[in-house]
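Biologist: Got a minute to go through this model with me? Let's start with the cysteines.

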Amino acid sequence: MENATPHRDVVVIGAGMAGHCAALEAARLGASVLLLEKMPAYGGSTVMCGGAFAFAGTRVQKEQGIADTPELLEQDLLTCGHHANDPKVVRAYAEHQYDAYRWLESLGLDFDNVTLNGGQSMPRLHSLDPKHMLRVLHQALRDAGGAFRANAGVRRLISRGEDAEREVVGVELESGERVMARGGVVIATGGFSRSRELVARFAPHLADAKPMGGEGNTGDGLRMAWALGADLVDMGFTKGTYGAPAHTPLPGKEKIAPHLVHTMYKGGIVVNMLGSRFVNESLSYKLIGEECLKQPGRIGVQVFDHRIMAQSAPFPTVDDYNSALEAGLIQRADSLDDLAVLLGLPSDALEATVARYNAAADGRGGDEMGRDCLTAGYGAVPTLSVAPFYGIACTTGLNSTYCGLRTDAGSRVLDVFGQSIAGLYATGEVMGGLHGASYLSGSSLAKGCIFGRLAAQDACRRVGLAQAAA
């Protein structure tokens, strides 16, 4: 083992958002860093996401008169997770999220907009173009002296000692090469949405969900740590994401077609192919996704009007309705009757459903699904009454699993006895404990940044870097 080469202070496995943040933080603290990616290019699931971060108390919120606080964000995380989250991990997120926001801004990433989405009691989604963000992070890593290797899949973790004395000291690549890590190894390999075996084992109810997420998300990091006795958490809470377009875009429009579309949190409704609502649309899109899988054809059609269409916002938001319309995913009609024909819905049923919804929105009786806000108690529900009308058939996609390795509040991986495995860290989608029973929109990317940096700081302390110890 002593003759193995090369040696690094920190090795990071997985080059999405979380991995880049961990590697960059370590490099800036003076560590020698190697970022490994098994695919031909960096990016992972991050390049496919909406680019949203759940931050509170930011400059852009204050400029828009949004009185948000870390304490309210912490409470929303716990409420959305049905208090099944690890409260210490949630508290760490709340305490470090503003610093992560400022850190990203210091790299030249500009958050100039804030929106509302599932589970948020305040508009707090701060969005970036994920491809641009990754380019910025990658260049910053290079500038800080960090090394990167693509096509470098990792087979196993290298450890020494046993039981409570076990320590992770490096990685073994698929090629057989070994790379030693003095300070530690950070697992940032994403989830297992592309592994039929692991989905069947941990989330069999999602076998029919549309496969999404990064092509490399096959649970590699989960297995590596599991082999060393790492504990797993939140596995039973894995959920799909509602809003994945059910149909293919028009030829030539594939590049502009959104991966996810959400009109629910602006007042749109979701109906099945019988023209009936089946869920309270103010709920998390994870919970809507579960109900969608129970509907005929696993389809939930979002129906909305001109006032909502006028709120379209360009990618990277999930509100890019204009692009979805141009790509042929959204249907448009001057009346609900004509829209129903285009969508293959029974006209009478759709018109009756919208009439009942509008009556409740006007205060003439209760909503049949119990909806009384846009989401999480925020915002008044509008009527769907201004022509033209629009609809998009969507299904539930498995683009993320949001469960996995149990860690403490500092990203240190814990074994099945609750003891930390020295030298082993996890961040991003492979890290469990933060989300609990459901997912608060925007918390995934922010989690990757927050806990990736915490992991790097602790690994640097292990090799005696003065800045990290401060």
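Modeller: Sure. A disulfide is a pair of cysteine sulfur atoms within 2.5 Å. Keep in mind that this is a predicted model.

Biologist: How many disulfides does the structure hold?

Modeller: It holds 0.

Biologist: Why no bond for Cys-403?

Modeller: The closest cysteine sulfur is in Cys-80, and it is 15 Å from the sulfur of Cys-403, so that is too far for a bond.

Biologist: And how far is the sulfur of Cys-373 from the closest cysteine sulfur?

Modeller: 12 Å, with Cys-80 again holding the closest sulfur, so a bond is ruled out by distance.

Biologist: Are Cys-373 and Cys-403 buried or exposed?

Modeller: Cys-373 is buried, at a relative accessible area of 6%. Cys-403 is buried too, at 2%.

Biologist: Cys-80 keeps coming up. Which residues of its helix, H3, are buried?

Modeller: H3 covers residues 70–80, and its buried residues are Leu-73, Glu-74, Asp-76, Leu-77, Leu-78 and Cys-80.

Biologist: What do they pack against?

Modeller: Strand S3 (52–54), helix H4 (87–106) and H13.

Biologist: What comes after H3?

Modeller: His-82 follows H3, and its phi is positive, near 55 degrees.

Biologist: Back to H13. How does it pack with H1?

Modeller: H1 spans residues 17–28 and H13 spans 443–462. Their axes are 7 Å apart, at an angle of about 35 degrees. The crossing of H1 past H13 is right-handed.

Biologist: Which residues make that contact?

Modeller: From H1, Met-17, Ala-18, Cys-21, Ala-22, Glu-25 and Ala-26. From H13, the list includes Leu-445, Gly-448, Cys-449, Gly-452 and Arg-453. By type, the contact has 9 nonpolar, 3 polar and 2 charged residues.

Biologist: Zoom out. How many helices and strands are there?

Modeller: The protein has 14 helices and 19 strands. Its C-alpha atoms fill a box of roughly 75 × 45 × 45 Å along the principal axes.

Biologist: How does the radius of gyration fit a compact globule?

Modeller: It agrees: a compact globule of 470 residues would be near 23 Å, and the protein has 23 Å. Buried residues make up 61% of the 470.

Biologist: What share of contacts joins residues at least 24 apart?

Modeller: 74%, counted among contacts between residues at least 6 apart in sequence.

Biologist: New topic: backbone oddities. Where is the cis peptide bond?

Modeller: It joins Ala-387 and Pro-388, with omega about 0 degrees. Pro-388 is in the loop between helix H12 (347–361) and strand S16 (389–398).

Biologist: Which loop holds Tyr-402?

Modeller: The one between S16 and strand S17 (404–405). Tyr-402 has a positive phi, about 50 degrees, although it is not a glycine. Tyr-402 counts as buried, at 13% relative accessibility.

Biologist: What about Asp-234's phi?

Modeller: Positive as well, about 70 degrees. Asp-234 sits in the loop between strand S11 (232–233) and strand S12 (241–245). At 7% relative accessibility, Asp-234 is buried.

Biologist: Last one: where is Gly-191?

Modeller: In the loop between strand S9 (178–187) and helix H6 (196–202). Gly-191 is buried, with a relative accessible area of 3%.

Biologist: What does Gly-191 touch, beyond neighbours within four places in sequence?

Modeller: Asn-217, Thr-218, Gly-219, Thr-401 and Glu-429.

Conventions. Residues numbered from 1 in each chain as written. Predicted model: local features only at pLDDT ≥ 70, side-chain atom pairs only at ≥ 80, totals over all residues. Heavy atoms only, no water. Buried < 20%, exposed > 50% of the residue type's maximum accessible area, 1.4 Å probe, protein only. Axes fitted to C-alpha atoms, helices over the stretch in contact; angles between N-to-C directions. Helix = DSSP H or I, 4+ residues; strand = E, 2+ residues; numbered from the N terminus. Left-handed = near helix turned anticlockwise from the far one by under 90°. Contact = heavy atoms within 4.5 Å. Nonpolar A, V, L, I, M, F, W, Y, C, P; charged D, E, K, R; others polar. Rg over C-alpha atoms; globule rule 2.2 N^0.38 Å.
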